[in-house]
Amino acid sequence: MTTESETDVFEEHRPVLLGVAYRMLGRVADAEDVVQEAWLRWSGADRSAVREPRGYLVRVTTRLAIDRLRQVKARGETYVGPWLPEPYVTDFGDSVPDTAERAVLADSVSLAVLVVLESLSPLERAVFVLREAFGYPYAEIAAMLDRGEAAVRQLAGRARKHVDERRPRYEVDPTQRRDLTERFLAAAGEGDLEGLMSLLAPDVRLVGDSGGKARAPLRVVETADKVGRFLVGAAKKGDVPDLSFRFMELNGGPAVLVLSGDKPDSVFQVDILDGRIQSVYIIRNPDKLRSLPTA
C-alpha cells in the first residue's frame, strides 16, 4: 500500500518526469506510459534506501524512456511523409520564474530541436536531455545511466555537436512569434499572397505531418513563393468545416490549434529569425492531436 505522502512526493515530481520522458520520446502517450511505469516502480520500491526521491525518479524514468526508445527504433516503422513530434502543452506558469531557465526549457522542447534529437542514439539523447534541459552534473548523469563520467562527457559532446550542426537558428521571443503568427493566419485565411510573402523568409520551409491520415504535403515545401502559394491554395479549398482557432502555448512557444467544430483538425506553429518566418509546422495526424484540450 502506498501512503498519501508517497503519492504526494511522486505527484510533486511528475511534471519533471513527464518533461524528461517527452523530450526523450517526442510522443505524449509514450511519455505518460513511461511515467506511469515509474510510478509502479516507485510504489513498490524500498524507499528507506532512497536518499533523494527526485534523483531516484528521474533515473528510473530516464532508463524506462531509453528502453522505450530502443524498442521504437528496433521496430523500424516507416512513417508516411515528414515526422514531427506530438504537440506538447507547455505552460510553465510560476513554476519557472527565471527567464533564462524558461528559455532553456522552451528551446529544449521546441519542434525544431526534437526533430534533430530523433537522429541521436538513445543514450546520446538521454545525456543531452539531462544535461542541456535539466542541468544535471555529469557525475549524476553517469550514476543514473551506470556509465563512467568520462564516457558521459564524450556522449554529451557528441550529442551537442550533432544538435548544434543541424538545429535551425530561430528567435524565441514569444511576443514577436505571437504577432507574426496572427498576421500569418490573417494573410493565409484571406488568401493574401502578397501579405504572406512579406512575412516569409526567402528560404522558408513548410513541414506538414499527417502520417498519411489527413491532407498535408508529403514532402517539405521550400521557398517563400511555393509556401505562400500552397497556403493560399489550401485556404481557397476550405476543406475544414465550422472552422475556428485557439491560441495555445505548445512546445515552448505560441501555436494555433485549428478546430473543426469541437474537434482538433491541426496545429500550426512558426519559427522566426530577423523578423521573418523561417519555418512553418503543420501537424494534422489525428493520432497526435487527441491529447490537446479543446476548451
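The largest cavity is lined by S110, L111, A112, Y170, R177, N251, Q269, D271 and Y281. A cavity here is a set of points on a 1 Å grid over the protein atoms alone where a 1.4 Å probe fits but cannot get out, and lining residues have an atom within 4 Å of a point. The model is predicted: local features need pLDDT of at least 70, side-chain atom pairs count only at pLDDT 80 or more, and totals for chains, interfaces and linings use all residues. Residues are numbered from 1 along each chain as its sequence is written, and side-chain values use heavy atoms, with hydrogens and water left out.

The structure holds 1 cavity of 30 Å³ or more. The space in the largest cavity is about 30 Å³, a volume being the space filled by probe spheres set on the points. Helix α5 (111-117) and strand β5 (263-273) each supply at least two residues of its lining. The lining comprises 4 nonpolar, 3 polar and 2 charged residues.

Helices α6 (residues 122-133) and α8 (residues 149-166) have axes that come within 8 Å and cross at roughly 85°. The two helices are therefore roughly perpendicular to each other, a term that covers angles of 65 to 115 degrees. On the α6 side the contact (heavy atoms within 4.5 Å) includes L123, V127 and F128, and on the α8 side V152, L155 and V163 are among the residues involved. By class, this contact has 8 nonpolar, no polar and 5 charged residues.

UniProt places two domain features, both from an unreviewed entry, on this chain.

| UniProt feature | Residues | Helix | Strand | End C-alpha distance |
|---|---|---|---|---|
| RNA polymerase sigma-70 region | 10-72 | 83% | 0% | 27 Å |
| RNA polymerase sigma factor 70 region 4 type | 112-162 | 78% | 0% | 13 Å |

Terms used. On a 1 Å grid over the protein atoms alone, a cavity is a set of points where a 1.4 Å probe fits but cannot get out, and a pocket is an open set with protein on both sides within 12 Å along at least five of seven lines; lining residues have an atom within 4 Å of a point. Ala, Val, Leu, Ile, Met, Phe, Trp, Tyr, Cys and Pro count as nonpolar, Asp, Glu, Lys and Arg as charged, and the others, Gly among them, as polar. Axes are lines fitted to C-alpha atoms, for helices over the stretch in contact, and angles run from 0 to 180 degrees between N-to-C directions. Angles under 35 degrees count as roughly parallel, over 145 as roughly antiparallel, 65 to 115 as roughly perpendicular and the rest as oblique. UniProt positions are given in the numbering used here, feature names are shortened, and annotations may be inferred rather than shown by experiment.
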